[in-house]
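The following exercises examine how the strands of one protein are arranged. Please study the sequence and the structure before reading each solution.

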Amino acid sequence: MGNQPCCGQPNESSTEIAGHQVTAEELEKSNTDTPTYTDQVETTQAKTEIEDRVAVPRPPPPEGWSSVPVPVQQPAKAPPATTAPIQQPVPAPPAMTDGAGGVVITRVTNPVQQPAKAPPATTAPIQQPVPAPPAMTDGAGGVVITFETKKKEQKNILFKKRPLGLGLSKSLPLVVNNVLEGKHAKELGVEEGWVMTMIKGAKLPDTFKDAKQTLAEATEVLPMTG
């Protein structure tokens, strides 16, 4: 009789499900044909992805409206943040302490301001004073006549008598061109080439005529000698 079950006993390769004997081949076929929960989930996800890919047609815009796409406004970029420069702290001076632990206080004194040096005093050249002729105008005292020598020196000569014994030029300036021998001018040391500049301390007039008249009026008071 071979491998057939005897007396209604179940075969070792069969399984009893809900009171029925099911062979291993039938059970494997049933498991293959029946979809599992995992297969159903994967099928649903794939269907959803396909639907998302299908372009859904948009309804036409209302009458009078135009389907102009609205440009997307790009958000403005914020300016880069600027940071203030970091101020480096100024280190405090180290505390100075003496040997006993006390604080040493340093007294700061203002530097002594050196007085500005005054510029050297400039002195004006000293003018050599011209000696004023003595006031002698009467006949007893004489008349002072001033001459400029060839060395540009001023000489005051006191004439006390007439004639003077001088020969003068015929134009200004009054230049002594002759000194007579044995006369008063020779005795007083008058030399040729001297220029008469003043009479009795006053400058000679600007014209030759006036100068000769001034000389004559000043000397006419002198006593006449031979």
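**Exercise 1: From β5 to β7**

Strand β5 (residues 166-168) and strand β6 (residues 174-179) are antiparallel partners joined by three bridges. The model is predicted: local features require pLDDT of at least 70, side-chain atom pairs count only at pLDDT 80 or more, and totals for chains, interfaces and linings use all residues. Residues are numbered from 1 along each chain as its sequence is written, and side-chain values use heavy atoms, with hydrogens and water left out.

Task: State which residue of β6 is the bridge partner of L168, and trace the pairing onward to β7.

Solution.
1. Two strands pair if DSSP finds at least two bridges between them. Strands (E, at least two residues) and helices (H or I, at least four) are DSSP runs, numbered from the N terminus.
2. L168 has V176 in β6 as its bridge partner.
3. The connection from β5 to β6 is a hairpin with five residues.
4. β6 in turn pairs with strand β7 (residues 195-199), again in the antiparallel sense, over two bridges. Here L174 has M196 of β7 as its bridge partner.

**Exercise 2: The surroundings of β3**

Task: Determine how many residues of strand β3 (residues 143-148) are buried, and identify which strands pair with β3.

Solution.
1. Buried means under 20% relative accessible area, exposed over 50%, and partly exposed in between (1.4 Å probe, protein chains only). By this criterion, five of the six residues of β3 are buried, and the strand is mostly covered.
2. Six bridges link β3 to strand β4 (residues 154-159) in the antiparallel sense. Within this pair, I145 stands opposite I157.
3. The hairpin of β3 and β4 has five residues between the strands, and K152 in that hairpin takes a positive phi near 65 degrees.
4. β3 also runs antiparallel to β7, to which four bridges join it. T146 has M198 in β7 as its bridge partner.

**Exercise 3: The protein as a whole**

Task: Give the order of the elements from the N terminus on, and state what percentage of the residues is buried.

Solution.
1. The protein has four helices and eight strands. Their order from the N terminus is β-β-α-α-β-β-β-β-α-β-β-α.
2. Of the 226 residues in the protein, 15% are buried.
3. Contact means heavy atoms within 4.5 Å. Among contacts with a separation of 6 or more, 44% are between residues 24 or more positions apart.
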